[in-house]
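Open the model in your viewer and keep the selection tool handy. We will walk through it stop by stop.

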Amino acid sequence: MSARKGVDKPRGKTKKPAKYANFLHKPNCTTCRKAKGFLEKRGFQLYFRDLAKHRLSATELEKLIGRRDYTEFLNTRNELFRRKKMKIRPPSRREAIRMMAKEPNLIRRPVILAGARVVLGFDEKGMARL
């Protein structure tokens with residue numbers, strides 16, 4: 001028994017502190033649900049943001065993308081991406097950010113943020129390194 005009455009000290013292994021991540025997603029997206037399950041099984045505490053209901057502003061996207069290749073954030077499965085043939089003729093960074101802010105389905109999902117790390121889509125190796 002510890003010094004405080006009625007409080008036992010933990011025995012054996014102590015529980016690992018939870019890992020935290022911001023999870024930017026679309027709830028009905030199958031890739032997002034798969035990534036959510038993967039992270040939760042590994043003990044992550046997730047903080048959700050529905051990209052359809054709470055869109056990312058151009059400023060938030062600029063900060064999120066930082067020095068990374070902005071084209072990695074474009075959802076290649078999106079109709080607008082295919083219709084505008086962005087694979088062949090990618091938009092400028094400024095234009096891509098403007099379009100993603102206006103049309104959140106153009107953002108590759110999920111976007112997982114843990115500290116300074118960012119993982120896009122269902123990337124098992126990337127999520128395992130968080």
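Two strands count as paired if DSSP finds at least two bridges between them. Keep that in mind for the opening stop, and remember throughout that this is a predicted model.

**Stop 1: strands 3 and 4.** Select strand 3 (111–114) together with strand 4 (117–120). The two run antiparallel, joined by four bridges. To see one of the partnerships, pick Ile112 and look across to Val119 in strand 4.

**Stop 2: the whole sheet.** Now add the other strands. The sheet is open and has four strands in the order 2-1-3-4, with mixed pairing. Strand 2 (44–50) and strand 4 are its edges, each pairing on one side only. Turn the view along the sheet and you can follow a twist that averages 20° from one strand to the next.

**Stop 3: the helix on the sheet.** Select residues 30–41, which are helix 1. This helix packs on the sheet and touches strand 1 (19–25), strand 2 and strand 3. Its direction makes about 155° with that of strand 2.

**Stop 4: His25.** Go to strand 1 and pick His25. Is His25 buried or exposed? Its relative accessible area is 11%, so His25 counts as buried. Display what surrounds this side chain: leaving aside residues up to four places away in sequence, His25 touches Cys32, Phe48, Arg49, Asp50, Leu51, Arg109 and Pro110.

**Stop 5: helices 2 and 4.** Select 58–65 for helix 2 and 93–102 for helix 4. Their axes come within 9 Å and cross at roughly 125°. Helix 2 is therefore oblique to helix 4. On the helix 2 side, the contact is made by Ala58, Leu61, Glu62 and Ile65; on the helix 4 side, by Arg93, Ile97, Met100 and Ala101. The crossing of helix 2 past helix 4 is right-handed.

**Stop 6: the nonpolar cores.** In soluble globular proteins, nonpolar side chains tend to be buried together. Here, the largest nonpolar core has 22 residues, and Met100 and Leu106 have the most contacts inside it. Helix 2, helix 3 (79–83), helix 4 and strand 3 each supply at least two of its residues. Helix 4 gives the largest share, five residues. Centre on Met100 and show its contacts beyond four places in sequence: Leu61, Ile65, Phe73, Leu74, Leu106 and Ile107. Finally, select Phe23, Cys32, Leu46 and Ile112, which are among the 13 residues of a second, separate core.

Conventions:
Residues are numbered from 1 along each chain as its sequence is written. This is a predicted model: local features need pLDDT of at least 70, side-chain atom pairs count only at pLDDT 80 or more; totals for chains, interfaces and linings use all residues. Side-chain values use heavy atoms; hydrogens and water are left out. A nonpolar core is a set of buried Ala, Val, Leu, Ile, Met, Phe, Trp, Tyr and Cys residues joined through side-chain atoms within 4.5 Å. Buried means under 20% relative accessible area, exposed over 50%, partly exposed in between (1.4 Å probe, protein chains only). Contact means heavy atoms within 4.5 Å. Axes are lines fitted to C-alpha atoms, for helices over the stretch in contact, and angles run from 0 to 180 degrees between N-to-C directions. Angles under 35 degrees count as roughly parallel, over 145 as roughly antiparallel, 65 to 115 as roughly perpendicular and the rest as oblique. A crossing is left-handed if the near helix is turned anticlockwise from the far one by less than a right angle, and right-handed if clockwise.
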